[in-house]
Amino acid sequence: MNIVIAPDSYKGFATSDHAATWLADGVAEVFPDATITAFGMADGGEGTATRFSGETITLPTTDAAGRLTEASYRYDRATKTAYIDIAAASGLPAVTDKLDALTSDTYGTGVLIADAQTRGAQRVVLGLGGSATTDGGMGILVALGAAPHDKHGYPLPKGGGPLDRLAHIDTANLNVAAAGMEFVLLADTTTPVCGPNGSAEVFSRQKGANDEQIAHLDAALAQLCNVAGVDPDAEFMGAAGATPVGLIWLSRLIYGTNEHVHVLPGAAVIAQELGLPETIAQADLVITGEGRFDEQSSHGKVISQIFQLVDATGDNTSERPAPVLAIAAAEFGVPPGDNVLAVQLEAGKDVADQLRAAGAEIARKFQERCMQA
């Protein structure tokens, strides 16, 4: 029996690597002779950079509130590629004590990008999940020497809120070497920039915004798109508070095209990096999970990618049956589907014990299904 375990992280409780290990421990209690392959997955959010090889670089920078902090990224000298999570410097957990959706910015991430260029990087793979910001990537641009101004020529304050007054972006002091690198943006959502399904409406509330501020940020991002010449309705453009918008503007400024910025679904890229498509094709049972399974889970998240890979096994020409899919989550906001084995973590226990118990319960449910078949 082949069992594949590939969960996302359980935010605030367990990394994806720990979750995979603990789920595997529980499965092994029921199926001690099974071949169990465990992967810690990521979708562009926290922990994405660690899925890639390279040395870990740590340096001082600022968090989304502008406070001094430290953040790390991976740098592969052989390929001259830096792997950076926007969550490392500009993530939500670090500023839960000082949430301000209008002023939070990505400046600290820009510091990491600039540092990578000084080490020889020519390419940045930027994970876009888990940000505390809705600034359209303007903080990154400022860290690289750009300066947003209003129509009177006055510089704008930090954050996404002031972008409703954006008229032009001054580039007299732009760090062209850093700004001109190739950017691969790993999105964890298909959300566009603006509108009822846009970045501000969907994500800014958890970043501290009220209804009035969400409307303000939506208008501000629309103005940024107008200045940058970016379609506010395009898929993926709303990831990380619409960070792709600012970086696409940079590419057009330097090269005249978008060709040096690639926006990709993060979970799909990580799955390929780990060899998951081939491994899942040989599996009998595939287990994934995250903290909360809800409507967002089907829009670019780890679980949606695992769903797609399992579904794809039904399209092959072999006689091997498609694997059974199982989900372990702390909370289910929506039903996962009729043919999915779903197990909710039991609160009140140590998180490792919760995940081991969930793995064992999934294995028993799978065993019952096999006996009934």
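How do the residues that line the second largest pocket divide into nonpolar, polar and charged, and what is the count of each? In this predicted model, the lining of the second largest pocket holds eight nonpolar, six polar and four charged residues. The space in the second largest pocket comes to about 300 Å³, and its lining is made up of 18 residues, among which E46, S72, D85, A87 and A88 are the ones that lie nearest the centre. Two elements, β4 (68-76) and α2 (86-90), each supply at least two residues of this lining, and the largest share, five residues, comes from β4.

The largest pocket can be followed in the same order. About 1,000 Å³ of space lies in the largest pocket, and of the 41 residues that line the largest pocket, D8, S9, Y10, K11 and G12 are the closest to its centre. The elements that give two or more residues to the lining of the largest pocket are α1 (16-30), β11 (285-293) and α12 (351-372), and β11 provides the largest share of that lining, with three residues. As for chemical character, the residues lining the largest pocket divide into 13 nonpolar, 16 polar and 12 charged.

Read together, the two linings can be traced through their elements and their central residues. In the largest pocket, the reader may begin at the centre with D8, S9, Y10, K11 and G12 and then turn to β11, the source of the largest share of the lining; in the second largest pocket, the corresponding path begins with E46, S72, D85, A87 and A88 and then turns to β4.

Technical notes: Residues numbered from 1 in each chain as written. Predicted model: local features only at pLDDT ≥ 70, side-chain atom pairs only at ≥ 80, totals over all residues. Heavy atoms only, no water. 1 Å grid on protein atoms, 1.4 Å probe; cavity = no way out; pocket = protein on both sides within 12 Å on 5 of 7 lines; lining within 4 Å. Points joined across faces, edges and corners; volume = space filled by probe spheres on them. Helix = DSSP H or I, 4+ residues; strand = E, 2+ residues; numbered from the N terminus. Nonpolar A, V, L, I, M, F, W, Y, C, P; charged D, E, K, R; others polar.
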